Structures are given as structure tokens and as C-alpha cells.
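Q: I am new to this structure and would like a close look at a single part of it, with the surroundings added where they help. Could you take me through how its strands pair, and then through what lies around them?

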Amino acid sequence: MLCPYCECKESKVLDSRHIDSTSIRRRRECEKCKKRFTTYEKIEMVPVMVIKKDGRREAFDRDKIKFGLIRSCEKRPVSIATIDDVVDSIESEINKMYVDEIESTRIGEMVMERLKEVDEVAYVRFASVYRQFKDLNTFVNELESILNEKDKKEEE
């Protein structure tokens with residue numbers, strides 16, 4: 001680390017503090033001029049590319065997931081904090097996969113898995129757009145599968 005005052009390469013770390021899960025603040029002192037300065041270290045995350053249904057690729061954007069969840073949860077008793085938790089868990093799961101690319105369909109499935117646990121009405125709203133229900137029968141079939149899962153859980 002170069003001293004910003006005398007450009008000496010030698011410095012010692014006086015104090016280190018974690019700012020968040022990806023950043024560290026270090027207080028340093030130059031060995032030559034004895035002046036102090038602060039540096040910040042940030043973990044560099046490799047951007048994940050999302051493969052869309054039509055084959056296009058774009059950078060992963062957590063705000064797109066959040067926007068979709070907010071739309072699905074409109075007028076439902078779901079807090080923004082809960083939505084943020086869902087987005088955080090999806091982003092964390094994707095990062096733990098250590099992949100450069102992920103299909104948008106996989107992300108959609110992750111959203112639906114979590115949304116089903118949060119609010120069933122919001123889940124159906126999201127699924128109706130995500131799965132592009134063509135007719136009423138497809139919609140009814142999805143509702144029946146939700147009810148069947150709910151009945152199985154209650155029996156256990």
C-alpha cells in the first residue's frame with residue numbers, strides 16, 4: 001500500500017474493522033513519514049449473467065426481483081423487510097452456486113419457492129405472470145396444486 005503523502009510502500013495496520021459482510025476499513029501508519037491514513041478493502045464479486053428465455057444475456061439485477069415481488073405483494077400484508085429478506089436469500093443462493101451464468105427460469109423458480117411460503121395470493125399473482133397462464137384451466141390447476149400441498153402439510 002502506497003502512502004498518499006510520501007508514496008512509501010511500507011505501512012503498518014493499526015486497526016481493522018468490518019464495515020459490512022464485504023468491506024473492511026483499515027487504519028494505517030506510514031513507516032517512513034509516520035502519517036496515518038485509512039484504506040478500505042472490498043471483496044470483488046464476479047458479476048453473474050442471467051440467460052433470458054430468448055437467449056439474451058444481461059447482468060444480474062436484484063432490483064428486478066424486488067420490483068416483481070413488490071408488484072405481486074401489492075395490497076397484501078407483506079412488509080418491505082420481508083421482500084428484502086427474500087431478495088437477499090435469492091442473491092445469496094446464487095452467489096453460493098459459484099456460477100458465471102444462470103437461467104432466468106431458475107431465478108423465477110427460486111422466487112416462487114420463497115413466495116409460496118410468504119403469501120399464497122402473492123405467489124399466485126407472480127406465477128400467473130411468470131408462467132404465463134394461457135387459460136382458466138391452467139390457472140385452476142396451479143391453485144389445485146397449492147391446495148394439495150397445503151393439505152399434505154396439514155396431515156403431517
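A: Two strands count as paired if DSSP finds at least two bridges between them, and with that in mind the strands of this predicted model can be taken in turn. Strand 1, residues 11-20, and strand 2, residues 23-30, pair in the antiparallel sense, and eight bridges link them. Within this pairing, Ser16 has Arg26 of strand 2 as its bridge partner.

Strand 2 is also joined to strand 3, which covers residues 36-42, by seven bridges, and these two strands run antiparallel as well. Along this second pairing, Ser23 stands opposite Lys42 in strand 3, while the bridge partner of Arg28 in strand 3 is Phe37. Strand 2 and strand 3 form a hairpin with five residues between the strands, and in this hairpin Lys34 takes a positive phi near 65°.

The segment before strand 1 holds Glu7, which counts as exposed because its relative accessibility is 59%, and a residue is called exposed when that value is over 50%. Although Glu7 and Cys30 are 23 residues apart in sequence, their C-alpha atoms are 9.0 Å apart in space.

The next sheet to consider is an open one, made of three strands in the order 5-4-6 with mixed pairing. Its edge strands are strand 5, residues 57-59, and strand 6, residues 101-103, each of which pairs on one side only. On average, and with direction ignored, neighbouring strands of this sheet are turned by 35° against each other. Helix 3, residues 104-118, packs on the sheet and touches strand 4 and strand 6, and the direction of helix 3 makes about 65° with that of strand 6. Strand 4, residues 49-51, runs antiparallel to strand 5 and is joined to it by three bridges, and here Ile51 stands opposite Arg57 in strand 5.

From the sheets one can turn to the nonpolar interior, where the largest nonpolar core has 26 residues, and those with the most contacts inside it are Ile65, Leu69, Ile94 and Ile107. At least two residues of this core are supplied by each of helix 1 (62-72), helix 2 (80-96), helix 3 and helix 4 (120-130), and helix 4 gives the most, with six residues. Taking Ile94 as one of the core residues with the most contacts, and leaving aside its neighbours within four places in sequence, one finds Ile94 in contact with Val48, Phe60, Val99, Ile102, Ile107 and Met110.

There remains the largest pocket, in which about 610 Å³ of space lies. The lining of this pocket has 21 residues, and Lys52, Lys64, Ser104, Phe126 and Tyr130 are those nearest its centre. Strand 5, helix 1, helix 3 and helix 4 are the elements that give two or more residues to the lining, and the largest share, five residues, comes from helix 1.

Note on methods. Residues are numbered from 1 along each chain as its sequence is written. This is a predicted model: local features need pLDDT of at least 70, side-chain atom pairs count only at pLDDT 80 or more; totals for chains, interfaces and linings use all residues. Side-chain values use heavy atoms; hydrogens and water are left out. Helices (H or I, at least four residues) and strands (E, at least two) are DSSP runs, numbered from the N terminus. Axes are lines fitted to C-alpha atoms, for helices over the stretch in contact, and angles run from 0 to 180 degrees between N-to-C directions. Contact means heavy atoms within 4.5 Å. Buried means under 20% relative accessible area, exposed over 50%, partly exposed in between (1.4 Å probe, protein chains only). A nonpolar core is a set of buried Ala, Val, Leu, Ile, Met, Phe, Trp, Tyr and Cys residues joined through side-chain atoms within 4.5 Å. On a 1 Å grid over the protein atoms alone, a cavity is a set of points where a 1.4 Å probe fits but cannot get out, and a pocket is an open set with protein on both sides within 12 Å along at least five of seven lines; lining residues have an atom within 4 Å of a point. Grid points are joined across faces, edges and corners, and a volume is the space filled by probe spheres set on the points.
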